[in-house]
Amino acid sequence: SVYMACKASADPNASQLDQLDAMLQCIGEANANSLDTFFLVYASSLVFLMQAGFAMLCAGCVQLKNVQNSMLKNLLDACCAALGFYSVGYAFAYGGMDFSDPQKTFIGTENFFLMGVDNLMFWMFQFAFAASSATIVAGTLAERCQMAAYLCYSLALTGFVYPVVAHSIWSPQGFLSAKAVDPLWGVGVIDFAGSSVVHLTGGSTALIATYLLGPRRGRFYDHRGIPLAEPVEFPGHSAALQMLGAFILWFGWYGFNTGSALSITGPNREFVVSLVAVNTTLAAASAGISSLYLNYYLMERKTGEGNFSLFAAMNGCLAGLVGSTGGCAVVEPWAAVIIGSVSGLLYLVTSKLLIRLRIDDAVDAIPVHMTNGIWGTFAVGLFASPPRIEYAYGQSNDVGVFMGGNGTLLLCQIISILFVLGWVACLMVPFFCLLNYMGRLRSESVDEVEGLDYRYHGSRKQDTMTVEETPTMHILHPYGEGNRQLLQNIKRYEERRLRESGQVPLSNNNTATEGD
(Lines give C-alpha, C1' and ligand atoms only; values in the text may rest on other atoms or scores of the structure.)
Protein backbone atom coordinates (compact mmCIF):
# COMPACT_ATOMS: atom_id res chain seq x y z
CA SER A 1 0.00 0.00 0.00
CA VAL A 2 1.02 3.65 -0.28
CA TYR A 3 1.18 3.95 3.50
CA MET A 4 3.49 0.95 3.94
CA ALA A 5 5.74 2.06 1.05
CA CYS A 6 6.07 5.56 2.49
CA LYS A 7 6.66 4.21 5.98
CA ALA A 8 9.44 1.99 4.70
CA SER A 9 11.08 4.90 2.89
CA ALA A 10 11.26 7.07 6.04
CA ASP A 11 14.69 7.60 7.61
CA PRO A 12 14.82 5.45 10.78
CA ASN A 13 17.54 7.70 12.25
CA ALA A 14 15.37 10.82 12.02
CA SER A 15 13.20 12.04 14.84
CA GLN A 16 9.65 10.74 15.12
CA LEU A 17 8.28 14.13 14.04
CA ASP A 18 10.53 14.23 10.96
CA GLN A 19 9.54 10.68 10.05
CA LEU A 20 5.86 11.59 10.29
CA ASP A 21 6.42 14.68 8.15
CA ALA A 22 8.29 12.62 5.52
CA MET A 23 5.52 10.02 5.46
CA LEU A 24 2.83 12.66 4.98
CA GLN A 25 4.77 14.23 2.11
CA CYS A 26 5.31 10.82 0.52
CA ILE A 27 1.61 9.93 0.78
CA GLY A 28 0.58 13.34 -0.58
CA GLU A 29 2.89 13.03 -3.59
CA ALA A 30 1.71 9.47 -4.30
CA ASN A 31 -1.95 10.51 -4.18
CA ALA A 32 -1.24 13.57 -6.32
CA ASN A 33 0.48 11.43 -8.95
CA SER A 34 -2.44 9.01 -8.98
CA LEU A 35 -4.96 11.83 -9.38
CA ASP A 36 -2.96 13.45 -12.17
CA THR A 37 -2.62 10.12 -13.96
CA PHE A 38 -6.36 9.52 -13.74
CA PHE A 39 -6.97 13.08 -14.94
CA LEU A 40 -4.86 12.43 -18.05
CA VAL A 41 -6.62 9.10 -18.61
CA TYR A 42 -9.95 10.92 -18.52
CA ALA A 43 -8.75 13.77 -20.75
CA SER A 44 -7.05 11.43 -23.24
CA SER A 45 -10.22 9.36 -23.52
CA LEU A 46 -12.29 12.44 -24.30
CA VAL A 47 -9.79 13.68 -26.88
CA PHE A 48 -9.67 10.25 -28.53
CA LEU A 49 -13.49 10.20 -28.55
CA MET A 50 -13.23 13.20 -30.84
CA GLN A 51 -12.11 10.75 -33.54
CA ALA A 52 -15.67 9.39 -33.44
CA GLY A 53 -16.96 12.93 -33.73
CA PHE A 54 -14.82 13.63 -36.78
CA ALA A 55 -15.91 10.32 -38.30
CA MET A 56 -19.64 11.03 -37.82
CA LEU A 57 -19.27 14.58 -39.12
CA CYS A 58 -17.42 13.43 -42.23
CA ALA A 59 -19.81 10.54 -42.85
CA GLY A 60 -22.79 12.87 -42.69
CA CYS A 61 -21.21 15.43 -45.03
CA VAL A 62 -20.40 13.05 -47.90
CA GLN A 63 -22.63 11.27 -50.38
CA LEU A 64 -23.82 7.81 -49.43
CA LYS A 65 -21.53 6.13 -51.96
CA ASN A 66 -18.43 7.45 -50.13
CA VAL A 67 -19.32 6.84 -46.47
CA GLN A 68 -17.15 3.76 -45.93
CA ASN A 69 -14.16 5.44 -47.52
CA SER A 70 -14.54 8.52 -45.35
CA MET A 71 -14.89 6.57 -42.13
CA LEU A 72 -11.95 4.25 -42.89
CA LYS A 73 -9.72 7.28 -43.41
CA ASN A 74 -10.70 8.53 -39.96
CA LEU A 75 -9.87 5.13 -38.50
CA LEU A 76 -6.52 5.04 -40.31
CA ASP A 77 -5.69 8.47 -38.88
CA ALA A 78 -5.83 7.00 -35.39
CA CYS A 79 -3.83 3.93 -36.40
CA CYS A 80 -1.13 5.83 -38.30
CA ALA A 81 -0.89 8.48 -35.58
CA ALA A 82 -0.38 5.81 -32.91
CA LEU A 83 2.44 4.11 -34.83
CA GLY A 84 4.05 7.31 -36.13
CA PHE A 85 3.95 9.08 -32.78
CA TYR A 86 5.21 5.97 -30.97
CA SER A 87 8.16 5.39 -33.27
CA VAL A 88 9.52 8.88 -33.98
CA GLY A 89 6.85 11.54 -33.45
CA TYR A 90 7.08 11.74 -29.66
CA ALA A 91 10.88 11.80 -29.79
CA PHE A 92 10.84 14.69 -32.27
CA ALA A 93 8.30 16.59 -30.19
CA TYR A 94 9.35 15.97 -26.58
CA GLY A 95 12.50 13.84 -26.65
CA GLY A 96 14.97 14.84 -23.91
CA MET A 97 12.53 17.34 -22.40
CA ASP A 98 14.12 19.13 -19.41
CA PHE A 99 12.47 22.13 -17.76
CA SER A 100 15.76 23.17 -16.12
CA ASP A 101 17.86 23.11 -19.30
CA PRO A 102 18.12 26.53 -21.03
CA GLN A 103 19.34 25.01 -24.31
CA LYS A 104 17.05 25.52 -27.33
CA THR A 105 16.67 22.89 -30.04
CA PHE A 106 14.70 22.70 -33.26
CA ILE A 107 13.73 19.08 -32.80
CA GLY A 108 13.93 16.39 -30.12
CA THR A 109 16.57 13.69 -30.45
CA GLU A 110 15.80 11.19 -27.67
CA ASN A 111 13.11 8.69 -26.57
CA PHE A 112 12.52 7.02 -29.94
CA PHE A 113 10.07 4.13 -29.61
CA LEU A 114 9.37 5.45 -26.08
CA MET A 115 12.73 4.25 -24.83
CA GLY A 116 13.48 5.92 -21.51
CA VAL A 117 10.02 7.46 -21.17
CA ASP A 118 8.60 7.19 -17.64
CA ASN A 119 5.36 9.17 -17.96
CA LEU A 120 3.49 7.02 -20.47
CA MET A 121 0.19 8.82 -19.88
CA PHE A 122 1.77 12.01 -21.19
CA TRP A 123 2.55 10.13 -24.41
CA MET A 124 -1.05 8.92 -24.56
CA PHE A 125 -2.44 12.42 -24.19
CA GLN A 126 -0.09 13.87 -26.80
CA PHE A 127 -0.83 11.03 -29.23
CA ALA A 128 -4.52 11.92 -29.09
CA PHE A 129 -3.61 15.49 -30.05
CA ALA A 130 -1.47 14.33 -32.97
CA ALA A 131 -4.34 12.15 -34.23
CA SER A 132 -6.74 15.09 -34.00
CA SER A 133 -4.45 17.27 -36.10
CA ALA A 134 -4.26 14.60 -38.80
CA THR A 135 -8.01 13.93 -38.85
CA ILE A 136 -8.78 17.57 -39.70
CA VAL A 137 -7.69 16.86 -43.27
CA ALA A 138 -9.83 13.73 -43.75
CA GLY A 139 -13.10 15.51 -44.47
CA THR A 140 -11.53 18.19 -46.67
CA LEU A 141 -10.29 15.60 -49.17
CA ALA A 142 -13.43 13.49 -49.04
CA GLU A 143 -14.87 11.77 -52.12
CA ARG A 144 -11.83 12.14 -54.41
CA CYS A 145 -8.55 11.20 -52.67
CA GLN A 146 -6.74 7.89 -53.12
CA MET A 147 -6.25 5.67 -50.09
CA ALA A 148 -2.48 5.35 -50.61
CA ALA A 149 -2.05 9.12 -50.66
CA TYR A 150 -4.00 9.48 -47.46
CA LEU A 151 -1.94 6.84 -45.67
CA CYS A 152 1.31 8.55 -46.69
CA TYR A 153 0.03 11.94 -45.59
CA SER A 154 -1.19 10.71 -42.21
CA LEU A 155 2.16 9.14 -41.35
CA ALA A 156 4.11 12.18 -42.55
CA LEU A 157 2.04 14.65 -40.54
CA THR A 158 2.00 12.76 -37.25
CA GLY A 159 5.55 11.46 -37.56
CA PHE A 160 7.37 14.66 -38.50
CA VAL A 161 5.41 17.79 -39.47
CA TYR A 162 3.24 18.07 -36.34
CA PRO A 163 5.99 17.00 -33.85
CA VAL A 164 8.31 19.83 -34.92
CA VAL A 165 5.54 22.37 -34.35
CA ALA A 166 4.72 20.83 -30.97
CA HIS A 167 8.41 20.87 -29.98
CA SER A 168 8.84 24.53 -30.94
CA ILE A 169 5.84 25.78 -28.97
CA TRP A 170 5.22 23.26 -26.17
CA SER A 171 8.57 21.69 -25.31
CA PRO A 172 10.72 23.63 -22.79
CA GLN A 173 13.53 23.31 -25.36
CA GLY A 174 11.39 24.92 -28.09
CA PHE A 175 12.51 28.31 -29.39
CA LEU A 176 8.97 29.72 -29.11
CA SER A 177 7.93 28.05 -25.85
CA ALA A 178 6.60 30.11 -22.95
CA LYS A 179 7.77 27.29 -20.64
CA ALA A 180 11.42 27.62 -21.65
CA VAL A 181 14.00 28.78 -19.10
CA ASP A 182 14.65 31.79 -21.34
CA PRO A 183 11.51 32.26 -23.46
CA LEU A 184 11.40 34.38 -26.59
CA TRP A 185 11.71 38.04 -25.55
CA GLY A 186 11.06 36.97 -21.99
CA VAL A 187 7.48 36.02 -22.85
CA GLY A 188 7.26 33.21 -25.40
CA VAL A 189 4.18 31.94 -27.22
CA ILE A 190 1.05 31.11 -25.23
CA ASP A 191 -0.95 28.37 -26.91
CA PHE A 192 -2.56 26.55 -24.02
CA ALA A 193 -4.34 23.74 -25.87
CA GLY A 194 -3.29 24.03 -29.50
CA SER A 195 -4.96 26.71 -31.63
CA SER A 196 -1.75 26.91 -33.65
CA VAL A 197 -0.05 23.61 -32.78
CA VAL A 198 -3.02 21.36 -33.59
CA HIS A 199 -5.64 23.30 -35.54
CA LEU A 200 -3.53 25.65 -37.62
CA THR A 201 -1.18 22.80 -38.53
CA GLY A 202 -4.06 20.55 -39.61
CA GLY A 203 -6.06 23.35 -41.24
CA SER A 204 -3.18 24.74 -43.31
CA THR A 205 -2.32 21.21 -44.45
CA ALA A 206 -5.96 20.79 -45.50
CA LEU A 207 -5.81 23.99 -47.56
CA ILE A 208 -2.67 22.88 -49.39
CA ALA A 209 -4.00 19.39 -50.02
CA THR A 210 -7.43 20.39 -51.29
CA TYR A 211 -6.00 23.13 -53.53
CA LEU A 212 -3.63 20.68 -55.23
CA LEU A 213 -6.23 17.90 -55.30
CA GLY A 214 -8.85 20.08 -56.97
CA PRO A 215 -12.62 20.21 -56.46
CA ARG A 216 -14.99 17.29 -56.70
CA ARG A 217 -16.14 16.54 -60.22
CA GLY A 218 -19.02 18.83 -61.16
CA ARG A 219 -18.67 21.11 -58.10
CA PHE A 220 -17.31 24.24 -59.82
CA TYR A 221 -16.58 23.14 -63.42
CA ASP A 222 -18.41 21.22 -66.12
CA HIS A 223 -16.98 18.19 -67.92
CA ARG A 224 -14.98 20.43 -70.27
CA GLY A 225 -13.38 22.37 -67.42
CA ILE A 226 -15.47 25.48 -68.00
CA PRO A 227 -16.45 27.28 -64.76
CA LEU A 228 -20.11 26.97 -63.85
CA ALA A 229 -22.13 30.12 -63.29
CA GLU A 230 -23.21 28.81 -59.90
CA PRO A 231 -21.39 26.12 -57.88
CA VAL A 232 -23.30 22.86 -57.57
CA GLU A 233 -24.13 21.90 -54.00
CA PHE A 234 -23.16 18.41 -52.89
CA PRO A 235 -25.42 17.96 -49.87
CA GLY A 236 -24.35 15.41 -47.31
CA HIS A 237 -26.55 12.37 -46.96
CA SER A 238 -27.28 12.75 -43.23
CA ALA A 239 -27.77 15.92 -41.21
CA ALA A 240 -28.31 13.74 -38.14
CA LEU A 241 -24.81 12.25 -38.38
CA GLN A 242 -23.33 15.70 -38.81
CA MET A 243 -25.11 16.97 -35.72
CA LEU A 244 -24.10 13.90 -33.73
CA GLY A 245 -20.49 14.43 -34.76
CA ALA A 246 -20.61 18.10 -33.74
CA PHE A 247 -21.94 17.27 -30.27
CA ILE A 248 -19.33 14.52 -29.78
CA LEU A 249 -16.62 17.00 -30.74
CA TRP A 250 -17.96 19.62 -28.33
CA PHE A 251 -18.04 17.01 -25.56
CA GLY A 252 -14.53 15.84 -26.40
CA TRP A 253 -13.26 19.41 -26.34
CA TYR A 254 -13.67 19.48 -22.57
CA GLY A 255 -10.91 16.88 -22.41
CA PHE A 256 -8.94 18.63 -25.16
CA ASN A 257 -8.80 21.98 -23.36
CA THR A 258 -8.96 21.05 -19.68
CA GLY A 259 -6.54 18.16 -20.13
CA SER A 260 -3.91 20.59 -21.39
CA ALA A 261 -3.45 21.68 -17.79
CA LEU A 262 -1.76 18.23 -17.42
CA SER A 263 -2.30 18.31 -13.64
CA ILE A 264 -5.10 19.13 -11.20
CA THR A 265 -3.07 18.87 -7.99
CA GLY A 266 -0.59 21.73 -8.35
CA PRO A 267 -1.05 25.28 -7.02
CA ASN A 268 -4.11 27.02 -8.49
CA ARG A 269 -4.72 24.18 -10.96
CA GLU A 270 -8.34 23.85 -9.87
CA PHE A 271 -8.92 27.49 -10.85
CA VAL A 272 -7.20 26.99 -14.19
CA VAL A 273 -9.18 23.86 -15.12
CA SER A 274 -12.49 25.43 -14.07
CA LEU A 275 -11.83 28.56 -16.10
CA VAL A 276 -10.88 26.50 -19.14
CA ALA A 277 -14.16 24.55 -19.04
CA VAL A 278 -16.24 27.73 -18.68
CA ASN A 279 -14.43 29.59 -21.48
CA THR A 280 -14.72 26.58 -23.79
CA THR A 281 -18.48 26.51 -23.28
CA LEU A 282 -19.00 30.26 -23.73
CA ALA A 283 -16.87 30.48 -26.88
CA ALA A 284 -18.72 27.62 -28.58
CA ALA A 285 -22.15 28.99 -27.68
CA SER A 286 -21.44 32.56 -28.79
CA ALA A 287 -19.85 31.38 -32.06
CA GLY A 288 -22.87 29.24 -32.93
CA ILE A 289 -25.23 32.17 -32.41
CA SER A 290 -23.11 34.70 -34.31
CA SER A 291 -22.66 32.37 -37.28
CA LEU A 292 -26.36 31.49 -37.37
CA TYR A 293 -27.53 35.09 -37.46
CA LEU A 294 -24.87 36.34 -39.86
CA ASN A 295 -25.86 33.59 -42.29
CA TYR A 296 -29.54 34.57 -41.87
CA TYR A 297 -28.68 38.21 -42.59
CA LEU A 298 -26.61 37.39 -45.68
CA MET A 299 -29.29 35.09 -47.09
CA GLU A 300 -31.93 37.74 -46.51
CA ARG A 301 -29.85 40.33 -48.35
CA LYS A 302 -29.20 37.94 -51.23
CA THR A 303 -32.61 36.33 -51.73
CA GLY A 304 -35.01 38.54 -49.81
CA GLU A 305 -35.76 35.76 -47.33
CA GLY A 306 -33.44 34.52 -44.61
CA ASN A 307 -33.21 31.00 -43.25
CA PHE A 308 -31.81 29.52 -40.06
CA SER A 309 -29.08 27.17 -41.24
CA LEU A 310 -28.31 24.19 -39.02
CA PHE A 311 -24.93 23.79 -40.69
CA ALA A 312 -23.93 27.42 -40.14
CA ALA A 313 -24.76 27.14 -36.44
CA MET A 314 -23.13 23.73 -36.07
CA ASN A 315 -19.86 24.68 -37.75
CA GLY A 316 -19.97 28.02 -35.97
CA CYS A 317 -19.88 26.18 -32.63
CA LEU A 318 -16.88 24.17 -33.79
CA ALA A 319 -15.18 27.37 -34.93
CA GLY A 320 -15.71 28.87 -31.47
CA LEU A 321 -14.17 25.79 -29.87
CA VAL A 322 -11.09 26.14 -32.07
CA GLY A 323 -10.87 29.86 -31.34
CA SER A 324 -11.03 29.24 -27.59
CA THR A 325 -8.30 26.60 -27.59
CA GLY A 326 -5.24 28.85 -27.53
CA GLY A 327 -6.29 31.17 -24.74
CA CYS A 328 -8.94 29.31 -22.76
CA ALA A 329 -6.75 29.36 -19.61
CA VAL A 330 -5.58 32.96 -19.82
CA VAL A 331 -8.63 35.04 -20.76
CA GLU A 332 -11.64 36.15 -18.73
CA PRO A 333 -15.09 34.67 -19.50
CA TRP A 334 -16.30 37.91 -21.09
CA ALA A 335 -13.32 37.77 -23.46
CA ALA A 336 -14.20 34.17 -24.35
CA VAL A 337 -17.62 35.40 -25.50
CA ILE A 338 -15.97 37.98 -27.77
CA ILE A 339 -13.45 35.46 -29.11
CA GLY A 340 -16.26 32.99 -29.83
CA SER A 341 -18.47 35.58 -31.52
CA VAL A 342 -15.66 36.63 -33.84
CA SER A 343 -14.85 32.97 -34.53
CA GLY A 344 -18.37 32.36 -35.82
CA LEU A 345 -18.18 35.36 -38.12
CA LEU A 346 -14.73 34.42 -39.43
CA TYR A 347 -15.89 30.88 -40.14
CA LEU A 348 -18.80 32.02 -42.29
CA VAL A 349 -16.80 34.67 -44.17
CA THR A 350 -13.97 32.22 -44.92
CA SER A 351 -16.40 29.50 -46.01
CA LYS A 352 -17.96 31.81 -48.58
CA LEU A 353 -14.54 33.06 -49.68
CA LEU A 354 -13.41 29.50 -50.43
CA ILE A 355 -16.43 29.03 -52.68
CA ARG A 356 -15.58 32.23 -54.55
CA LEU A 357 -12.02 30.96 -54.99
CA ARG A 358 -13.39 27.57 -56.16
CA ILE A 359 -11.64 25.66 -53.40
CA ASP A 360 -13.72 22.62 -52.49
CA ASP A 361 -13.75 21.86 -48.76
CA ALA A 362 -16.26 19.08 -48.26
CA VAL A 363 -16.70 19.64 -44.50
CA ASP A 364 -15.59 23.28 -44.07
CA ALA A 365 -12.51 22.17 -42.11
CA ILE A 366 -10.37 25.03 -43.47
CA PRO A 367 -12.58 27.89 -42.19
CA VAL A 368 -13.20 26.07 -38.91
CA HIS A 369 -9.66 24.99 -38.09
CA MET A 370 -7.21 27.08 -40.09
CA THR A 371 -8.93 30.46 -39.91
CA ASN A 372 -9.87 30.12 -36.26
CA GLY A 373 -6.55 28.53 -35.39
CA ILE A 374 -5.01 31.81 -36.54
CA TRP A 375 -7.62 33.87 -34.72
CA GLY A 376 -7.39 31.86 -31.50
CA THR A 377 -3.61 32.32 -31.40
CA PHE A 378 -3.83 36.02 -32.25
CA ALA A 379 -6.61 36.65 -29.71
CA VAL A 380 -4.32 35.60 -26.84
CA GLY A 381 -2.17 38.64 -27.64
CA LEU A 382 -5.25 40.83 -27.27
CA PHE A 383 -7.14 39.44 -24.28
CA ALA A 384 -4.65 37.53 -22.06
CA SER A 385 -5.26 38.60 -18.45
CA PRO A 386 -2.38 39.11 -15.93
CA PRO A 387 -3.75 36.96 -13.07
CA ARG A 388 -4.88 34.21 -15.44
CA ILE A 389 -1.43 33.99 -17.05
CA GLU A 390 0.12 33.92 -13.59
CA TYR A 391 -2.09 30.99 -12.57
CA ALA A 392 -1.51 29.02 -15.78
CA TYR A 393 2.16 29.76 -16.50
CA GLY A 394 3.62 31.09 -13.27
CA GLN A 395 4.72 34.36 -14.86
CA SER A 396 3.11 37.32 -16.61
CA ASN A 397 5.95 39.28 -18.18
CA ASP A 398 3.52 40.62 -20.74
CA VAL A 399 -0.24 40.39 -21.23
CA GLY A 400 -2.82 41.10 -23.91
CA VAL A 401 -2.79 44.49 -25.59
CA PHE A 402 -6.36 45.20 -24.46
CA MET A 403 -5.39 44.26 -20.90
CA GLY A 404 -2.48 46.72 -20.62
CA GLY A 405 0.25 44.80 -22.41
CA ASN A 406 3.06 46.39 -24.42
CA GLY A 407 2.58 44.22 -27.50
CA THR A 408 5.45 41.77 -26.93
CA LEU A 409 3.08 38.86 -26.35
CA LEU A 410 1.07 39.80 -29.44
CA LEU A 411 4.24 39.86 -31.53
CA CYS A 412 5.22 36.41 -30.21
CA GLN A 413 1.79 35.10 -31.18
CA ILE A 414 2.13 36.51 -34.71
CA ILE A 415 5.56 34.90 -35.09
CA SER A 416 4.13 31.53 -34.07
CA ILE A 417 1.39 31.84 -36.71
CA LEU A 418 3.93 32.66 -39.42
CA PHE A 419 6.21 29.84 -38.29
CA VAL A 420 3.46 27.20 -38.46
CA LEU A 421 2.24 28.40 -41.86
CA GLY A 422 5.77 28.51 -43.24
CA TRP A 423 6.80 25.13 -41.84
CA VAL A 424 3.70 23.35 -43.09
CA ALA A 425 3.93 24.98 -46.52
CA CYS A 426 7.64 24.13 -46.94
CA LEU A 427 7.00 20.45 -46.29
CA MET A 428 3.47 19.69 -47.44
CA VAL A 429 3.45 21.59 -50.75
CA PRO A 430 6.28 19.49 -52.26
CA PHE A 431 4.87 16.38 -50.55
CA PHE A 432 1.44 16.66 -52.19
CA CYS A 433 2.96 17.89 -55.47
CA LEU A 434 5.07 14.72 -55.59
CA LEU A 435 2.05 12.51 -54.92
CA ASN A 436 0.14 14.36 -57.64
CA TYR A 437 3.03 14.00 -60.10
CA MET A 438 3.17 10.26 -59.42
CA GLY A 439 -0.57 9.96 -60.03
CA ARG A 440 -1.16 8.82 -56.44
CA LEU A 441 -3.19 11.75 -55.16
CA ARG A 442 -6.56 11.85 -56.91
CA SER A 443 -8.88 8.96 -57.69
CA GLU A 444 -9.84 8.08 -61.25
CA SER A 445 -12.84 9.84 -62.73
CA VAL A 446 -14.85 6.63 -63.05
CA ASP A 447 -14.11 5.73 -59.43
CA GLU A 448 -15.23 9.16 -58.33
CA VAL A 449 -18.47 8.88 -60.28
CA GLU A 450 -19.25 5.35 -59.11
CA GLY A 451 -18.23 6.05 -55.55
CA LEU A 452 -15.04 5.26 -53.65
CA ASP A 453 -16.87 2.71 -51.51
CA TYR A 454 -17.15 0.37 -54.49
CA ARG A 455 -13.65 1.09 -55.83
CA TYR A 456 -11.74 0.62 -52.60
CA HIS A 457 -14.02 -1.31 -50.26
CA GLY A 458 -16.17 -3.62 -52.40
CA SER A 459 -19.43 -2.04 -51.34
CA ARG A 460 -22.28 -4.46 -52.17
CA LYS A 461 -24.86 -1.68 -52.19
CA GLN A 462 -23.23 -0.12 -55.23
CA ASP A 463 -23.24 -3.49 -57.00
CA THR A 464 -27.04 -3.41 -57.14
CA MET A 465 -27.33 0.17 -58.40
CA THR A 466 -27.40 1.21 -62.04
CA VAL A 467 -25.84 4.44 -63.19
CA GLU A 468 -29.21 6.13 -63.43
CA GLU A 469 -29.90 5.39 -59.77
CA THR A 470 -26.67 6.82 -58.41
CA PRO A 471 -26.73 10.32 -56.92
CA THR A 472 -23.82 11.30 -59.19
CA MET A 473 -26.02 10.94 -62.27
CA HIS A 474 -28.13 13.84 -61.10
CA ILE A 475 -25.01 15.95 -60.66
CA LEU A 476 -23.47 15.10 -64.04
CA HIS A 477 -26.63 15.21 -66.17
CA PRO A 478 -27.25 19.00 -66.23
CA TYR A 479 -23.90 19.75 -67.87
CA GLY A 480 -25.04 18.99 -71.38
CA GLU A 481 -24.61 16.44 -74.13
CA GLY A 482 -20.82 16.52 -73.84
CA ASN A 483 -21.10 14.23 -70.86
CA ARG A 484 -22.94 11.52 -72.77
CA GLN A 485 -19.83 9.62 -73.84
CA LEU A 486 -18.50 9.45 -70.27
CA LEU A 487 -21.86 8.26 -68.98
CA GLN A 488 -22.17 5.64 -71.70
CA ASN A 489 -18.72 4.27 -70.90
CA ILE A 490 -19.58 4.08 -67.22
CA LYS A 491 -22.90 2.38 -68.02
CA ARG A 492 -21.22 -0.23 -70.20
CA TYR A 493 -18.76 -0.91 -67.39
CA GLU A 494 -21.68 -1.22 -64.96
CA GLU A 495 -23.54 -3.65 -67.21
CA ARG A 496 -20.47 -5.81 -67.73
CA ARG A 497 -19.94 -6.05 -64.00
CA LEU A 498 -23.56 -7.06 -63.44
CA ARG A 499 -23.28 -9.82 -66.07
CA GLU A 500 -20.09 -11.13 -64.50
CA SER A 501 -21.81 -11.31 -61.13
CA GLY A 502 -24.70 -13.32 -62.61
CA GLN A 503 -27.19 -10.45 -62.63
CA VAL A 504 -28.89 -9.16 -65.77
CA PRO A 505 -28.84 -5.41 -66.43
CA LEU A 506 -32.04 -3.77 -67.54
CA SER A 507 -32.13 -2.00 -70.87
CA ASN A 508 -33.40 1.58 -71.22
CA ASN A 509 -36.63 0.66 -72.97
CA ASN A 510 -37.80 -2.71 -71.72
CA THR A 511 -37.16 -5.34 -69.11
CA ALA A 512 -34.45 -7.90 -69.72
CA THR A 513 -35.37 -11.26 -71.14
CA GLU A 514 -33.81 -14.52 -70.16
CA GLY A 515 -31.77 -14.57 -73.34
CA ASP A 516 -30.05 -11.31 -72.61
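Which residue lies over the face of Tyr 221? That would be Arg 358, at 5.5 Å from the ring centre. Bear in mind throughout that this is a predicted model.

## Aromatic residues

Rings are a good place to start. The structure holds 27 aromatic pairs. One aromatic cluster brings together Phe 48, Phe 85, Tyr 90, Tyr 94, Phe 122, Trp 123, Phe 127 and Tyr 162. Keep Phe 122 in mind, as that residue turns up again further down, among those nearest the centre of the second largest pocket.

## Cysteines

If you were hoping for a disulfide, there's no luck here: a search of the whole structure comes back with zero. Take Cys 61, whose closest cysteine sulfur belongs to Cys 58. The two sulfurs sit 6.8 Å apart, so they are too far from each other for a bond, given that a disulfide needs them within 2.5 Å. Cys 145 is in no disulfide either, and its nearest cysteine sulfur, in Cys 152, is 9.9 Å away.

Are Cys 61 and Cys 145 buried or exposed? Cys 61 has 9% relative accessibility and so counts as buried. Cys 145 comes in at 2%, so it counts as buried too. The cut-off behind both calls is under 20% relative accessible area.

## The largest pocket

The largest pocket has a volume of about 1200 Å³. It is lined by 39 residues, and the ones closest to its centre are Arg 219, Glu 233, Ser 351, Lys 352 and Ile 355.

Which elements give two or more residues to this lining? They are helix 7 (239-258), helix 8 (269-303), helix 9 (310-325) and helix 10 (333-356). Helix 10 gives the most, with nine residues. As for chemistry, the lining of the largest pocket splits into 21 nonpolar, seven polar and eleven charged residues.

## The second largest pocket

Next comes a pocket with about 810 Å³ of space. Its lining runs to 35 residues, with Phe 99, Phe 122, Lys 179, Ala 261 and Leu 262 nearest the centre. Phe 122 is the residue flagged earlier as part of the aromatic cluster.

At least two lining residues apiece come from helix 2 (16-61), helix 3 (67-94), helix 4 (120-140), helix 5 (147-170) and helix 12 (386-393). Helix 4 has the largest share, with five residues. Sorted by class, the lining of the second largest pocket has 19 nonpolar, eleven polar and five charged residues.

Notes:
Residues are numbered from 1 along each chain as its sequence is written. This is a predicted model: local features need pLDDT of at least 70, side-chain atom pairs count only at pLDDT 80 or more; totals for chains, interfaces and linings use all residues. Side-chain values use heavy atoms; hydrogens and water are left out. Buried means under 20% relative accessible area, exposed over 50%, partly exposed in between (1.4 Å probe, protein chains only). On a 1 Å grid over the protein atoms alone, a cavity is a set of points where a 1.4 Å probe fits but cannot get out, and a pocket is an open set with protein on both sides within 12 Å along at least five of seven lines; lining residues have an atom within 4 Å of a point. Grid points are joined across faces, edges and corners, and a volume is the space filled by probe spheres set on the points. Helices (H or I, at least four residues) and strands (E, at least two) are DSSP runs, numbered from the N terminus. Ala, Val, Leu, Ile, Met, Phe, Trp, Tyr, Cys and Pro count as nonpolar, Asp, Glu, Lys and Arg as charged, and the others, Gly among them, as polar. Rings of Phe, Tyr and Trp (its six-membered ring) pair if their centres lie within 6.5 Å; planes under 30 degrees apart count as stacked, over 60 as edge-to-face and the rest as tilted. A charge sits over a ring if NZ of Lys or CZ of Arg is within 6 Å of the ring centre and within 35 degrees of the ring normal.
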